[in-house]
Protein chains: 2
Amino acid sequence: MKFELKDRDATGRICKFSTKHGTITTPNLMPVINPNKMIITPKEMKKLFGTEIVITNSYIIKKDEKLREKALKNGVHKLIDFDGPIMTDSGTFQSYVYGDVSLDPIEIVEFQKKIGSDIGTILDIFGTPDQKKNEAEKGVKETLKRAKRSVILKGEMNLACPVQGSIFLDLRLKCANEISKIDADVYPIGGVVPLMENQRYSDLVKIIISSKKGLNPSKPVHLFGAGHPLIFPLAVALGCDFFDSSAYVKYANDDRLVFPWGTEKLESLTELPCCCPVCSKLTVDELKRMDEKERILEIAKHNLYVSFAEIKKIRNAISQGTLWELVERRANSNPYLTQALKILRLKENKKWLELFETSSKNSAVFYTGENTIHRPIIYRSHQRLLKNYKPFFKDTIVFPEGNKPYSIFYADHIKRIKAKREDINFLVDSNIGPVPFELDEMYPFAQSVFPIITDYETEKEVSDVFEKFTKNKKIICWKGKDTINELTQSEKKAFDKDLSKVTAVCDMQFGKGVGKILTDGEIKVVKSKKTGKIRNVYLNNKHILSMRANDGMFTLKIEGGKILHNKFKKPLLRVVVNKDAVPFVKEGKSVFAKFVKNCDSKLRPSDECLVVDEKDNLLSIGRCILNKDEMLSFGNGVAVKTRESCNK
Amino acid sequence: MKFELKDRDATGRICKFSTKHGTITTPNLMPVINPNKMIITPKEMKKLFGTEIVITNSYIIKKDEKLREKALKNGVHKLIDFDGPIMTDSGTFQSYVYGDVSLDPIEIVEFQKKIGSDIGTILDIFGTPDQKKNEAEKGVKETLKRAKRSVILKGEMNLACPVQGSIFLDLRLKCANEISKIDADVYPIGGVVPLMENQRYSDLVKIIISSKKGLNPSKPVHLFGAGHPLIFPLAVALGCDFFDSSAYVKYANDDRLVFPWGTEKLESLTELPCCCPVCSKLTVDELKRMDEKERILEIAKHNLYVSFAEIKKIRNAISQGTLWELVERRANSNPYLTQALKILRLKENKKWLELFETSSKNSAVFYTGENTIHRPIIYRSHQRLLKNYKPFFKDTIVFPEGNKPYSIFYADHIKRIKAKREDINFLVDSNIGPVPFELDEMYPFAQSVFPIITDYETEKEVSDVFEKFTKNKKIICWKGKDTINELTQSEKKAFDKDLSKVTAVCDMQFGKGVGKILTDGEIKVVKSKKTGKIRNVYLNNKHILSMRANDGMFTLKIEGGKILHNKFKKPLLRVVVNKDAVPFVKEGKSVFAKFVKNCDSKLRPSDECLVVDEKDNLLSIGRCILNKDEMLSFGNGVAVKTRESCNK
């Protein structure tokens, strides 16, 4: 089995998951196939919606003699006539709905293996939200016991071992930690259906986060029973990889249409508010007048068109770096989801989400409302401003929000100020936070679109950061001419503008003090003739840094890496690879996760890093794809994209 | 020509617009047809997207000899092979884009008539956003002059006379006022394309509101050149009825796909984030690999599928009473749109929007974020609480937010309080504002879904209203047992609970003091055995009111109407009809707008009203479909749905 990360945004990711019946892309949705009643066959689903993987129920197959015989004889793929990957469920949910079903936990795993399931599921104990803690604890224990017994039998079948623990977050975390020790292939989050049915999205979010915190990050997480697109973007942003939908047919049976923003009863619609092939072909009256069977089929199709489009939308958002935007837009569709999103603002959750956030994205930060200021990337920027940034002079002039880039917008003022006094910093009290002029081209300060007036939440958050940032600093609010008149002639010379920019960006990007290290000598800054922006930085005639035009951040050159490696102590910025990988990395090959022995815990996805051997010899510089935990747990895929190696 | 209102929500409306080539439903979108190059023919559009009306350009037809000859000979419908309504534009936009085009303003109107256009357009002067005021004023004058000259010639053709005035709101209002005096059939809002191209949605909103304020409300308003679905919901909510899209093909030519949330370049997509027939049929790579012509066609189709789905979504939202929700959700898609929505919070705009807001809706008020508290229906409720509601006792106990209905959620507490003291009011400091217990089943207090924690904007707004509402009142914050212990035994008896509810709801719904009038005598309240809710109210054995279960508001019975009519002076609650209508109304027929002579300016759509003749004799009671301005200007359709008449 292989699970390999290909792209990422927020705590979400696009991965490849390989099975004997083919490789699929996650996040993905598995339609639930009832082997007794296929309203749409898996084959049709593949054709119509691009369905790549389905889920069916081994318990239902096993208890029906005909199905059982067929499945045992020809395999589950023949049974439901699908040649792609098939996951099977075990009867856990049935035992929750119908009470205890007489099933042997070992037998059902063996049965799944026998019928050729690509992903089998253990018979875990469904923890309900109304359980008492000791009951939930008992369920977790039993689930873990069964998981341990089942995993021995799995053979070539992938095995899914769910996290349980009801709504007790410590239990969820504990169960996730324990189950991660078991060599399963998928870690579903179970017992969440009753929460979703009652729109208890806040509890759901807490459970996902607690589970994810304990789970091995290199295995796919399946949000068991989640089939409504409303919840997909948020769940993916928190690290869920698989969904399964029986909702498409359950809702259709009840004349309900699902939409990204919620559910609508057919009878309450006067027009079909959708452009899917079903809704484009039919009018609402035609749909209402259809006979029941045909109507249910059409609604089920609509539900799947919409659900799969949402999955595609999410994957596209991950590639574009706009998943948080999508999540925030969706959250506004439903008051309970709005509520749930607020949980992400808690400091402990922000800190966790920040671990997975790439240091730069392809898209600007688009404001969608009061949630935007709490995005991990903005939280990180604020934290780094407070911890890493060091102003050059004692006094700072603060300008109000203006057009970007600020140093050009305020160029005339600066000229007049500098004529009077040179040793002064410039800062913009922007809608996204305080922005020192040296950072006015850096992501996300420059690459953000906020309205002129934001909202109280944003204003409060920004003013808190501003206050902390300017504490113990002398602040002069820009009041036009008066400000200039009040300035006294300075004796000190101004810091070189380019040099101060290089220093500030380095400190923000690589860590406090790096700016000083990388500018300690004879500095030459080469700028683009066209844009006037910094392109390359040379230290003592060696090319150490290049600035990217799209995000105003540096890519490290090998000569820069050597200096950092020399002056910056272990483990800073390091990714340590084992000796097997050394020759490949030296040749400039990328670092595969399985060769990573250790890693600086401060490195984040997209960060520049130093690849070293176990004796801390520098091998290459590159860009991280994974964070520390991920590097140390993924068995497949690239951990660091090497850019330059020492040998070359 | 007929333009008839069928349903409404926000300041938006669903209307029927009749032409010689058929009746269409508004809001609607007219795809722009270039007679020289039809990438998709109007016939195909009808089949694929349900296109009902198209727009083509008479200037382009006229200047091309072949097209001109054909059009003059066979008519414009044959020319573009479409048997539905066709609107024609006049060359105004071309003269804006290419500079002065030599066109005679009279000739072009006559030409449009000759070729059989269903809606012709005068050659107005396109006012650009960068114009100086005197220039814009000159343009408006010339536009009005041409409109006056053109309208004489229109014959059976509907004529569109645009509102111009650049970004000068007083000019827009003035132009709208003046052009409303001209007997045109459609009033487009012109000169807005450059604003939309630069995402200046705030200016756009201001212009739409200023124009709408001056325009005759009984004529359709066309937002000229608006073809991107992003803007449709907000524009409809502000009263726009028609859009035209050349965007579908313009964007397609440039490999751009439109979505409800914005525009995406094909090259930036890794998956097609959509479920339209094009995006369901093709993968993004297939689309990218297509040859140019085919690709443009597919993207154009996608753009139209999405645009028409958005129109259907909007009409459905109007029927469901959820248009503001849709607007607020969309606003979060784009920072400039977010900014634009804030303009609606200005008191003058809230006051204007409130005029059109129905008094009750089919759907609950769903919180979408900080915009929700500013919805006109909530503004109205707060205003009426402050002006119409009168507490029964001096002291009030305030409970925090709880489950609905509050009087049941807090029933135990109330029982204990009342055991100690009866003359006390109960109030909930809810997330939507102060809710006296008598109103806890009334729309929108009961029919609203807000999260437990809202946002600073909402909290501030609500606490402002709470402060005003409780000013000069003695407030006791509920602190459990302590509160009960601090109460002193009362001498007064409690007000009858049902009576106080009837009184309070009447005051909120019909006006201050109405509660007293309608309960002045022997009151009998009949409740539902099943729900315990008030059903019918009898005064001196006459059935005067029925309470609706869905919104907790009263429908007026004729006996109640008689009392109100008797004790409540003109013009309160009156709709005055002319003598031609009297016999019909007496028979129980609905009141058509064209027979309305006058109307209480306080009546809002869905309000209960008294229909009287010109001598103020009561004819019937009913429910308003229109507000005063609309009743006095609409020539078609129902103004009041009669429920009971005096004769019956």
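So, strand β15 of chain B, residues 395–400: five of its six residues are buried, so the strand is largely enclosed by the rest of the structure. Keep in mind that this is a predicted model.

Who are its neighbours? On one hand there's strand β19 of chain B, residues 474–477, which pairs with β15(B) in the parallel sense over four bridges. If you want to find that spot on the screen, look for B:Asp395, which stands opposite B:Lys474 in β19(B). Then there's strand β16 of chain B, residues 425–430, also running parallel to β15(B) and joined to it by five bridges. Here you can look for B:Pro400, whose bridge partner in β16(B) is B:Asp429.

Staying with β16 for a second, let's talk rings. B:Phe426 sits in that strand, and B:Phe437 is in the loop between β17 (433–436) and β18 (448–449) of chain B, eleven residues apart from it, so to speak a link between distant parts of the chain. How are those two rings arranged? The centres of B:Phe426 and B:Phe437 are 5.6 Å apart and the planes are at 45°, so we call the pair tilted; the cut-offs for tilted are 30 and 60 degrees. Both B:Phe426 and B:Phe437 are buried.

Over all chains, a search of the whole structure turns up 36 aromatic pairs. Another one is A:Tyr367 with A:Phe450: centres 5.2 Å apart, planes at 55°, so that's tilted as well. This pair also links distant parts of its chain, with the two positions 83 residues apart: A:Tyr367 is in the loop between β14 (365–366) and α19 (376–387), and A:Phe450 is in the loop between β18 (448–449) and α22 (456–470). Are these two buried or exposed? Buried, both A:Tyr367 and A:Phe450.

Chain A also has a cluster linked by ring pairs: A:Phe399, A:Phe409, A:Tyr410, A:Phe426, A:Phe437 and A:Trp478.

A couple of rings have a charge over them, too. The charged end of A:Arg256 sits over the ring of A:Tyr251, 4.2 Å from its centre, and A:Lys473 has its charged end over the ring of A:Phe469, at 4.2 Å from the centre.

Last bit: how do the chains relate? Turn chain B by 180°, with a shift of 0.0 Å along the axis, and you can lay it on chain A with an RMSD of 0.0 Å. That's the relation of a two-fold axis. The same surface serves both copies, with 100% of the contact residues of chain B recurring in chain A.

Notes
Residues are numbered from 1 along each chain as its sequence is written. Chains are lettered from A and ligands numbered from 1 in the order in which they are written. This is a predicted model: local features need pLDDT of at least 70, side-chain atom pairs count only at pLDDT 80 or more; totals for chains, interfaces and linings use all residues. Side-chain values use heavy atoms; hydrogens and water are left out. Buried means under 20% relative accessible area, exposed over 50%, partly exposed in between (1.4 Å probe, protein chains only). Two strands pair if DSSP finds at least two bridges between them. Copies are superposed by least squares on the C-alpha atoms of residues with pLDDT of at least 70 in both. Contact means heavy atoms within 4.5 Å. Rings of Phe, Tyr and Trp (its six-membered ring) pair if their centres lie within 6.5 Å; planes under 30 degrees apart count as stacked, over 60 as edge-to-face and the rest as tilted. A charge sits over a ring if NZ of Lys or CZ of Arg is within 6 Å of the ring centre and within 35 degrees of the ring normal.
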